[in-house]
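Here's a friendly walk through a protein model. Take a look at it first, then read on.

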Amino acid sequence: MSWFANLFGMARARRALALAPEQREALANWQQLPAADLSFMHNRGRYVVVDVETSGLNMKKDRLISIGAVALVDGRIDFNDVFQVVLRQDRVSTNENILMHGIGGSAQSEGVEPAAALLSFLGYLGKVPLVAYHAFFDQSMIEKTMLEYLGVELGQTWIDLAWVLPSLFPNPIESRATLDDWLKLFAIENIVRHNAVSDAYATAKLLQVAIAASNQKGVLSPAGFIRMEKDRQLPHKIGSSDGLVCG
Amino acid sequence: MSNGATQMLVSATIEFLRFYPPFDRMEHEAMQFLGEHVKLAYYPKGSLILSPETGVVQVFRIVQRGKVLVRHTTEVSVMDPSSLTLGPGEGFSIGSVMAQRPTTSSYTALEDVFCYELMAEDFFELMQKSSVLNLFCTQYLASLLSQSRQQLQLQFSQHVAEQQTMNSPLTAIIKKVPLSVTPDTPIRKVIELMAAGSIGSMVIVDDTQQPVGIFTQSDVLKRIVLTGVNLDDPIRRVMSESPYTLPVAANAYDAVLAMTMHGVRQVLAVDEGGRLQGVISERDLFTLQRVGLRQIRQAIDAATSIDMLLHASQDVRQLSLNLLAQGVGAEQITQFISALNDTLTQRIITLNLDKHDLFGIEWAWLSFGSEGRDEQTFSTDQDNGIVYVCTDIMDREQTQLRLLDFARDVNADLDACGFPLCTGKIMASNPDLCLTLEEWEERFGHWIRTPEPQALLNATIFFDFRPLFGKFNLADRMRLTLLRRTRNNPIFLRMLADNAIRIVPPLGTFRDFVTDADPDHPGTIDLKQYGARLFIDAARIFAMAHDVTATNTVQRIKQAAPLMNISADKAAAMIDGFNFIQLMRLRHQHAEQMQGREGGNLIRPDELNEVERRILKEAFRQARKLQQRLKLDYQL
């Protein structure tokens, strides 16, 4: 029981023990999967685009409320390969926060038990590269929650479109651009903003745009994206003003 | 687990598509299926989405965002301008997906484009689920049909434009280098050559190929028969010297002028060296002019000789070609040919009535087969008969002899006017087809009672009768008797149906078309046997089963459909299919005749363009639908 574990501040390993046997097995199965392949051609593999909703923007204090994910398989978004889960909350988030993502109090308290929710996410994810916009936030929230409830590291490769897109489209918008700016630039509609699935769907479309552009530049794989991101994060290599601001 | 998420995206997709036809009318379940089975793809600006080179189209696409430029890559472009753009909600390319072929157009992203993509097999399943989509696609194919008609029109008008102005140079009018002889050639030899080649005039040239004289058919009578000249004498003795010549660069108008001013019927075209290049006759120039329906009718009605009628029948053909070129549909053209042929036949009959005394006999001239159905194409032979009334049995033989005498002359005149005698002897001069009303009724009755193979075959020819001349009410009575007998005889209709479905549309399981039905002509399809006939036979049964008196296939389908609960759309699709096959037959016959061959019905699917192949396939599918209906109705 998570509240129990939290209450007594038990060690990570002990928390893992709180998992039901079948949950432990599912976790072990996931852990044994071969590491994500980062060398596939963009249009010949699977990416999972993730968006999370949280109780706030403080990565330390705030809690993960919902994960939404949309897969890009062979370059195409398949509506049957999507994922959404609301994690059960012991404490309902603030009204202000609820208005933001629309996951109401009862939906929060009737959500899926966190360990089960995370395991089903891992089951959906498998081991493929994850993609998000401002990925650091999504990554931190998911990893923090995993550590807390499953006692393991996620340890997966994340691709951050907030870094990749300015490399591919240097001029169009300010490098401090938000997801909404990019969506607007490419005239991508968002069904419901701040719904994890809807945001992930819109982000997946951005990923399609990014893939098409990177293919033209000869950057053909997830590994290429990661290199591109790293190059950009080192200002001295780029030397461009927007790179500096971004860094 | 993720059902909620899927449904959210599916719903958003449905909501988007609902703004556009045909999705705005599509059934709820079908839309759900569509939403669940599409995937979203992205094509950046400038990228090629689909082209003929990308092979068989396996994916149906609907634009979600952005614009797609469609460029027609076929040689003869239909659209003007030759491209169009598709925007959100528009799908492509229905025809290629349905036909499982490569597209004929190229599709390029004009802007950044997001596309919903549906795999072909899901598309087909969707068509099964949605009658709205089914109808939409059917109508789409129908629009392809008119597109193809426009394409034909364009081809023909180019052809016509090349040939049909009075400004065209003589080189464009000359069909072939004419036969010529030297001045010393014996007259006999020249006449033999003219007779053998059906040549109206022979040009006489010297060693340098320069024309020195001309000798025409009419000269035979005046200068040879009447003067009793020795046939072994050289031709130069009887030829007209110094024939009228024009340089090949002169135009048709110059030739008309020359003929009118000099009272000659031929003008010789010569090159710079004065060497013979061609003979231009009045007739060649006549075809350049637009001949109207009314002019031909007047010419026919005023004709007092078979010669004049022969010209008129050639004009009928020329005018049909012009109509084909103007984009008139097959239904109208075949009816038009039939109508003018009717007029022609009626005139021939009238002319012969002067020579034959049929006073006191009630009779009617009947046409059968394609003429009976108002569906004549360019290649057509005679199918006719006579029905008459004989009040006194003692007079029967005498009456028939008089009618047969008359019919023989009519048949011969029709033959002279370009309707070859029927090899199967289906002609009024055949005593077997010159019968009293009772005999016809008895014969029909016999076929219906004992439907052996020959009787069924006869039914397909003779049941499509139509009166052309005389007492039309005799034919009406024959029809009433026939329909009364057939509608009460499901067994006969069933046998007829069984016969009709024996020949199946030449659609292949693995290939588009079955082209080896005729071992003598591999790679071809007989569009009469394996195309038009399938529609004609089915429509005949529909008509007989539902008391439809029309003999025309299109009319039969139109009139029978409501009585058979076939929707107007479905009937229209069937008719389109039939008309398309007829149009291809007309065009093919025309092309064959342009090359001096007898126009047949064997086409090579490989030589058709993409649109035509696709529509032909759809036309055969329509034939299959007619046959399926027969199978259903008669439990075959």
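## Ground rules

Helices and strands here are runs assigned by DSSP and numbered from the N terminus; a helix is of type H or I with at least four residues, and a strand is of type E with at least two. This is a predicted model, so local features need pLDDT of at least 70 and side-chain atom pairs count only at pLDDT 80 or more, while totals for chains, interfaces and linings use all residues. Residues are numbered from 1 along each chain as its sequence is written, with chains lettered from A and ligands numbered from 1 in the order in which they are written.

## Two odd peptide bonds

Let's start in chain B. B:Ser93 sits in the loop between strand S6 (91-92) and helix H3 (94-99) of chain B. The bond that joins B:Phe92 to B:Ser93 is cis, with omega about -15°.

There's another cis bond between B:Pro21 and B:Pro22, where omega is about -5°. B:Pro22 belongs to the loop between helix H1 (3-17) and helix H2 (28-37) of chain B.

## A sheet built from both chains

Chain A has 13 helices and five strands. Which strands make up the open sheet, and in what order? Nine strands line up as S5(A)-S4(A)-S1(A)-S2(A)-S3(A)-S1(B)-S8(B)-S3(B)-S6(B), with mixed pairing. (Two strands pair if DSSP finds at least two bridges between them.) Strand S5 (158-160) of chain A and S6 of chain B are at the edges with a single partner strand each, so one side of each has no neighbour in the sheet.

Within this sheet, strand S1 (residues 39-43) and strand S8 (residues 113-119) of chain B run antiparallel and share five bridges. Here B:Ala41 is opposite B:Cys115. Helix H6 (residues 114-125) of chain A packs on the sheet, touching strands S1 (46-54), S2 (64-73) and S3 (76-86) of chain A, and its direction makes about 165° with that of S3(A). (Axes are lines fitted to C-alpha atoms, for helices over the stretch in contact, and angles run from 0 to 180 degrees between N-to-C directions.)

## A hairpin in chain B

Elsewhere in chain B, five bridges join the antiparallel strands S10 (residues 201-205) and S11 (residues 211-216). B:Met202 faces B:Phe215 across the pair. Five residues lie between the strands of this hairpin, and B:Gln209 has a positive phi near 70°. On top of that, S11(B) pairs antiparallel with strand S12 (residues 240-241) of chain B over two bridges, where B:Gly213 is opposite B:Glu241.

## Inside and outside

What counts as buried? A residue is buried if 20 or more other C-beta atoms lie within 10 Å of its own, exposed if 12 or fewer, and partly exposed in between, with C-beta atoms placed from the backbone. Of the 247 residues in chain A, 40% are buried. The largest nonpolar core (buried Ala, Val, Leu, Ile, Met, Phe, Trp, Tyr and Cys residues joined through C-beta atoms within 7 Å) has 108 residues, and A:Val48 is one of those with the most contacts inside it. Helix H10 (residues 196-216) of chain A gives the most to this core, twelve residues. A second, separate core has 97 residues, including B:Phe444 and B:Leu616.

Out in the loops, A:Ala187 has a positive phi of about 55° although it isn't a glycine. With 11 C-beta neighbours inside 10 Å, A:Ala187 counts as exposed. B:Asn565, also not a glycine, has a positive phi near 60°, and B:Asn565 is exposed too, with 7 other C-beta atoms within 10 Å.

Key. Two residues are in contact if their C-beta atoms, placed from the backbone, lie within 7 Å.
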